[in-house]
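I opened this notebook page to look up how the two chains meet and how they are related to one another. The entries follow in the order in which I checked things.

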2 protein chains.
Amino acid sequence: MDAPGGAPGNAPPLAGRSIGFIGLGLMGRPMCRNLSAAGAALIVQNRTRAMAEALAAELGRVQVVDSPAAVAAATDLLIANLADTAAVEQVLLGETPAGVLSGLRPGALVIDMGTTAAGATRRFAEAVRAAGGDYVDAPVSGGVVGAEAASLTIMAGGSVAAFERALPVLRTLGANITRCGEVGAGQVAKIANQMIVGLTIGAVAEALALARRGGVDPATLRQALAGGFADSRILALHGKRMAEGSFTPGGKVVTQRKDMQLALDLAAEVGIELPGVALNRELWDRMIEQGWGELDHSALIKLYED
Amino acid sequence: MDAPGGAPGNAPPLAGRSIGFIGLGLMGRPMCRNLSAAGAALIVQNRTRAMAEALAAELGRVQVVDSPAAVAAATDLLIANLADTAAVEQVLLGETPAGVLSGLRPGALVIDMGTTAAGATRRFAEAVRAAGGDYVDAPVSGGVVGAEAASLTIMAGGSVAAFERALPVLRTLGANITRCGEVGAGQVAKIANQMIVGLTIGAVAEALALARRGGVDPATLRQALAGGFADSRILALHGKRMAEGSFTPGGKVVTQRKDMQLALDLAAEVGIELPGVALNRELWDRMIEQGWGELDHSALIKLYED
């Protein structure tokens, strides 16, 4: 059994705990490193097993298993960090390999840290609860850099009890951790986050492109606007990339496009029109048509310059 | 004659200088107070003379005159802070009352601190130069609060020599002062600033409205996103107003609409399409149609909630 949250004295905060982790992608691997550094023993599973073996060789105290069901059978706390909603569905409910639900221990907690459709998240949570477990959605913002530095912004949804149970684990992975509401609320907040990112990139792209045509150097403009009402993380980071024409991702155009579609899907579900997001989604489509889908989303400024 | 920039020892930085100031509106009055506190003697003119008389009674070392020409005849450095391009044209080139050009001293510097169309600014600068003067456009961001605190962001355009001549004066009025390029570049930067403000308000409005419909409290969402990629001055300030439903201006919807039109006009002039701005301008039009033109621009969220 896991120790009941934290550990006394100078022991690492997750000493003695075992945590399951499914999905060892660009984000999942540094997250596992941080969990391991915090003292947790890991049971890991990944579609490509070699990735899991490599992590086990690197970290120690890592057990590699062959299915999500085997992860679930071995621990009371599982984290899934997967690319999309379909992957989460497969990992939870799949048959080959056997999904989490076929191995779930009574009382186990599943934490979904990927960006998943909010409606699907609620369905997944119901399935897990029906099997005797509990569910927290906890998608993140901050990218690989944030995952490595354990400085991720984490937006969580779930009951207060489930959230508090997840909290010691989330604290080893991120900095600003907020319970946004019941199950699915983390995903709603994440979509809102992505909407603001996509639309603010659009704002900065149009402003910098107009400025350049109007005789103002974009780098000078950024400096002029720093600290004022127009200032933002996007202006500081993505505005710099636009000024320099340096579009190595970072967040990719195709991902931004996917997220804007998630926002439109959620908007349709809850009955609200989002004209800004709809236009923004079209701009990402144009980017992809131009063959720029794999560039950093700050490359949006190219639409205005060619 | 004015002292040549600054003053020695502990004297106020503008001690012994005389500065003309035309346009004593919500922004102009606190700016005059800061110039006066920095030691300048002011020659002021305002369409409504009573406003100028009141300021003279309050400050001392203020001479009230009846025309822009009379201001120009009395000093080598004039500031105009006016509501729009038409007002600047009237003050510079007008006949009744006589405009700045009919009184301009050789070598005088005119600083236009209002938000004026960039193309018109260049024409005004040519007229002033033809009359033997020089011109700096130096529009500001930061509102009445920034004007009072002398913390305005100032975006300047003009020759290096003219900018450096204006700098000691601008330093008594603002904090982040940037020369963005030749004459007109300050206006281009200001338009870019207003574009980002308007579009970011649009981004935050759509995100907070969707979040609320999706079961996430907007105030909680703001907290969750603080410090992440979605964070901005707009999220912090205008997002708070949206979460609280408190729409006392601040920046008005009608002003934001005017600025987005300025951006579209400049875009047409330099041959660039700005679909985000075009949509955003329509949203402000809808706000005005709804009778919400005098509310703070953060009221945009109302379009998504009614």
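Entry 1, charges. I began with salt bridges in this predicted model, and across the interface of chain B and chain A the rule finds 0 of them. I then turned to polar contacts, for which the count between chain B and chain A is 20 residue pairs, both residues at pLDDT 80 or more.

Entry 2, extent. I noted that 61 residues from chain B and 61 residues from chain A take part in the contact. The area buried between the two chains is about 4,900 Å², and carbon and sulfur atoms give 70% of that. On the side of chain B, I listed Ile196(B), Leu210(B) and Phe229(B) as the residues that lose the most area to chain A, together 16% of what that side buries.

Entry 3, elements. I looked up which elements of chain B give two or more residues to the side that touches chain A, and found among them strands S8 (152-157) and S9 (174-181) as well as helices H8 (185-213) and H12 (275-289). The largest share, 19 residues, comes from H8(B). By kind, I recorded 38 nonpolar, 16 polar and 7 charged residues on this side of chain B.

Entry 4, symmetry. I found that a turn of 180° with a shift of 0.0 Å along the axis lays chain B on chain A with an RMSD of 0.0 Å, which is the relation of a two-fold axis. Within chain B, the C-alpha of Ser232(B) comes closest to that rotation axis, at 2.0 Å. I also noted that 100% of the interface residues of chain B are interface residues in chain A too, so the copies meet through the same surface.

Terms used: Residues numbered from 1 in each chain as written. Chains lettered and ligands numbered in written order. Predicted model: local features only at pLDDT ≥ 70, side-chain atom pairs only at ≥ 80, totals over all residues. Heavy atoms only, no water. Contact = heavy atoms within 4.5 Å. Buried area = accessible area lost by both parts, 1.4 Å probe. Salt bridge = Lys/Arg side-chain N within 4 Å of Asp/Glu carboxyl O. Polar contact = N/O pair within 3.5 Å; in protein donor to acceptor, adjacent residues only side chain to side chain. Helix = DSSP H or I, 4+ residues; strand = E, 2+ residues; numbered from the N terminus. Nonpolar A, V, L, I, M, F, W, Y, C, P; charged D, E, K, R; others polar. Least-squares fit on C-alpha atoms with pLDDT ≥ 70 in both.
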